[in-house]
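Grab a pencil and have a look at the protein below. The exercises after it come with worked solutions, so try each one before you read on.

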Amino acid sequence: MINRIKYLRVSLLNSCNLNCFYCRPPQQENDTYVHENFDNFKNSIKLLHTLGIEKIRFTGGEPTLYKQLPELIQFVKKTNPKIHTALTSNAILLKKKAKLLADSGLDSVNISIDTLDETRFCSVTGRNKYNDMIDGIKEAIKHIPKVKLNTVLIRGTNDDEADDLIQFANKLKVDIRFIEFMPTKLNSQNSDQYISGDEIKKSLPYTFTPASSDPSTAARYVSSPDLDIKVGFINPVSHSFCAMCNRIRLTSDGRLYGCLFSGASFNLFESLQQGYDNATREVNQLVANKTYTGCSRKSGDSAFFPSFVNMGG
Ligand code: SAM
C-alpha cells in the first residue's frame, strides 16, 4: 500500500474566544474544555510524523488559546525541521502572539474573516472583537511567513461581502479563499443558507483564469488581471475532493480520525498508554481503512460530527 497521508490536523482544544453561530451551535455554547495534554500531543506527533507527515496544522476551537502552542510548534520543528507548521486562527490574539509564534517556527496561518462590518461581526461571532481581529491580521502579516484569509459565505448573512473581502485581501496582498458552508449534525437546520462556490464565483466582477493549485489541497485558485492576489474556492459540498485527500485528524481528547465525515476513529492517547507498538498498529489500521469517497454531503442525522468547534475546521 502506498501511504498517502502527508497532512496532520490537530484540534488543540474546543474552547474559543468567539461564538460563531455556524461553528458552535447553541446546544454547545457551554460545552468547552481545554485538556492539559501537552505530553499526549507530543507523543502522538512523534508517532504520526513517522507516516511521512509533511505538514501539521493546529486548529480548534481557537488554537492561540492553548498556552503551550509555541512549545508544540518548537517540538514539531525539533522532530523534523522540514515539517511545515500551520495554524488556523480567528486572529483575535495574534496582535499579542504572532511574533512569538513565528519565532517558535510557525510557517503559515490561515485567518478566518467572515465580514468587514463591525455590527455584523458581533452578530455572527457573538463577540465585540472586530478591531482585535483586524489588528491581529496586520500583526500576522508582519511576522508570519505566509498568511491567507478564509471566509465562509452564508446566504443572507454575508454573501453580499465577497467582493469587499477580496478587495480587502488585495490591499493587504494576501490570498483569500471562500469555503462552502458545510452541514453538521447540529447546524443542518440552516442548510438553506448554503451557497455554492460556483455561484459566488459567477457573482464576482472579475474575469478569472485558473491559477496554480496544489492538487492534494482542497482549494482551487483563480487569478484576475485586476487583482494582485489569488482567490481560492474550497467546495467540499458541491465538488467532493475526497479522492485527493492526504490528511488525518487528531482531536483534543485524543481521537484520531481518517476523515472529518467518517465515524471511524480510535483514541490515540489511550492507545499510546498501552505502548508505542500497539499505537503504531492501530494508526496503520486506521490509515489502511481510510476511505476516499465523498461523504461531505451527508447532513442532519446522517452527518457524523456535531460541529466544527469540536473537530477543528
Ligand atoms: N478558531 C479558528 C478559526 O476561527 O479559524 C480555528 C477553528 S475553526 C473551527 C476553523 C474553520 O472552520 C474556520 O475558518 C471556520 O469558519 C470554519 N467552519 C466552522 N464551521 C463551519 C461550517 N459549518 N462550514 C464550513 N466551515 C466552517
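How many helices and strands does the secondary structure of the protein come to? It comes to 10 helices and 12 strands, where helices (H or I, at least four residues) and strands (E, at least two) are DSSP runs numbered from the N terminus.

A quick note before you start: this is a predicted model, where local features need pLDDT of at least 70 and side-chain atom pairs count only at pLDDT 80 or more, while totals for chains, interfaces and linings use all residues. Residues are numbered from 1 along each chain as its sequence is written, and side-chain values use heavy atoms, with hydrogens and water left out.

**Exercise 1. Hunt for disulfides (pairs of cysteine sulfur atoms within 2.5 Å).**

Step 1: Search the whole structure, and you find zero of them.

Step 2: Check Cys16, whose nearest cysteine sulfur, that of Cys20, is 6.4 Å away.

Step 3: Do likewise for Cys245, where the nearest cysteine sulfur belongs to Cys259, 6.6 Å away.

Step 4: Is Cys245 buried or exposed? Buried means under 20% relative accessible area, exposed over 50%, and partly exposed in between (1.4 Å probe, protein chains only). Cys245 has 18% relative accessibility, so it counts as buried. Cys16, with a relative accessible area of 24%, is partly exposed.

**Exercise 2. Work out what surrounds helix α6.**

Step 1: Find α6 at residues 162-172, and pick out its buried residues: Ala162, Leu165, Ile166, Phe168, Ala169 and Asn170.

Step 2: Recall that an α-helix has 3.6 residues a turn, so residues three or four places apart point the same way.

Step 3: See what covers those buried residues: the elements in contact (heavy atoms within 4.5 Å) include α5 (130-143), β5 (146-153), β6 (175-180), α7 (197-203) and β9 (231-234).

Step 4: Move just past the end of α6, where Lys173 takes a positive phi of about 60°.

**Exercise 3. Describe how α1 meets α9.**

Step 1: Take helix α1 (residues 38-48) and helix α9 (residues 276-289); their axes come within 11 Å and cross at roughly 60°. Axes are lines fitted to C-alpha atoms, for helices over the stretch in contact, and angles run from 0 to 180 degrees between N-to-C directions.

Step 2: Name the arrangement. Angles under 35 degrees count as roughly parallel, over 145 as roughly antiparallel, 65 to 115 as roughly perpendicular and the rest as oblique. So α1 and α9 are oblique to each other.

Step 3: List who touches whom: Lys46, Leu47 and Leu48 of α1 meet Tyr276, Ala279, Thr280 and Val283 of α9.
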